[in-house]
Amino acid sequence: MKQFLPGVSVVGSGSACLSATLTNDDLSQLVDTSDEWIATRTGIRQRHVASAAESLGSLAADAARQALAMAEMDALDLHLIVLATSTPDDLFCSACQV
C-alpha cells in the first residue's frame, strides 16, 4: 500500500461512458426534426443513453475502480468519495452507493 502525506490530494482518476448513443438522425425518426436543425441550434449531434443495466452508480463505480488502480489503493483505504452530478440515481445519495 502506498503511503500519502496528510491532507487531501487527488492520486487517481477514472471515467466511464454509456454504451448506447442516440443521434439526431435517430431522433428525426421519432419526431419532426433533423440533424441540421438540432446541430445548428445546440451543437449536439449525438448523446449517450443509459441502458436498463446502466446507472450513475454503476458508471461511478467503474470510474472509481479505475481511479483506485491508478492510485494503487484499496477501497478500504478511502476516507472520502466526491461525486457531483445533476442526475442522481435517487434523491439522497449516490456517492455512498459507490
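A salt bridge, as the term is used here, is a side-chain nitrogen of Lys or Arg within 4 Å of a carboxyl oxygen of Asp or Glu. With that in hand, let's walk through this structure, which is a predicted model.

**Charged pairs**

A search of the whole structure turns up 2 salt bridges. One of them brings the side chains of Arg65 and Asp62 together, at 2.6 Å from N to O, which is inside the 4 Å cut-off. Both residues sit in helix H3 (residues 56-71), 3 residues apart, so about one helical turn separates them. That fits the usual geometry: an α-helix has 3.6 residues a turn, so residues three or four places apart point the same way. As for solvent, Arg65 is exposed, with a relative accessible area of 53%, while Asp62 is partly exposed at 34%.

Arg45 and Asp35 form a salt bridge too, with their closest N and O atoms 2.4 Å apart. What does this pair tie together? Asp35 belongs to helix H2 (35-42) and Arg45 to the loop between H2 and strand E2 (46-49), so the bridge links parts that are 10 residues apart in sequence. Asp35 counts as partly exposed, at 21% relative accessibility; the buried class takes in values under 20%.

**Helix H3 and what follows**

Back to H3, the helix that holds Arg65 and Asp62. H3 has 16 residues and spans 22 Å from its first C-alpha to its last, close to the 22 Å expected at 1.5 Å a residue. Which of its residues are buried? They are Leu56, Gly57, Leu59, Ala60, Ala61, Ala63, Ala67, Leu68 and Ala71.

Right after H3 comes Glu72, with a positive phi near 55°. Glu72 has that positive value although it is not a glycine. For context, most residues other than glycine have a negative phi. Glu72 counts as exposed, at 52% relative accessibility.

**Contacts across the chain**

Asn24 is found in helix H1 (residues 24-28). Is Asn24 buried or exposed? Asn24 is buried, with a relative accessible area of 0%. Its side chain makes a polar contact of 2.9 Å with the side chain of Arg47.

Two residues from the segment before strand E1 (20-23) are worth a look, and one is Val10. The other, Gln3, lies in the segment before E1 as well. Val10 is exposed, with a relative accessible area of 75%, and Gln3 counts as exposed at 67%. Each has a C-alpha partner from far along the chain, as the table shows.

| C-alpha pair | Apart along the chain | C-alpha separation |
|---|---|---|
| Val10 and Ala67 | 57 residues | 9.4 Å |
| Gln3 and Met73 | 70 residues | 9.5 Å |

Ala67, the partner of Val10, is one of the buried residues of H3.

**The largest pocket**

How much space lies in the largest pocket? About 1000 Å³. Its lining is made up of 32 residues, and those nearest its centre are Ser9, Gly12, Leu78, Leu80 and Ile81. By type, the lining divides into 23 nonpolar, 7 polar and 2 charged residues. Gly is counted as polar in this scheme, so Gly12 falls in the polar group, while Leu78, Leu80 and Ile81 are nonpolar.

Technical notes
Residues are numbered from 1 along each chain as its sequence is written. This is a predicted model: local features need pLDDT of at least 70, side-chain atom pairs count only at pLDDT 80 or more; totals for chains, interfaces and linings use all residues. Side-chain values use heavy atoms; hydrogens and water are left out. On a 1 Å grid over the protein atoms alone, a cavity is a set of points where a 1.4 Å probe fits but cannot get out, and a pocket is an open set with protein on both sides within 12 Å along at least five of seven lines; lining residues have an atom within 4 Å of a point. Grid points are joined across faces, edges and corners, and a volume is the space filled by probe spheres set on the points. Helices (H or I, at least four residues) and strands (E, at least two) are DSSP runs, numbered from the N terminus. Buried means under 20% relative accessible area, exposed over 50%, partly exposed in between (1.4 Å probe, protein chains only). The expected span of a helix is 1.5 Å times one less than its number of residues. A polar contact is a pair of N or O atoms within 3.5 Å; within protein, one must be able to donate a hydrogen and the other to accept it, and residues adjacent in sequence count only if both atoms are side-chain atoms.
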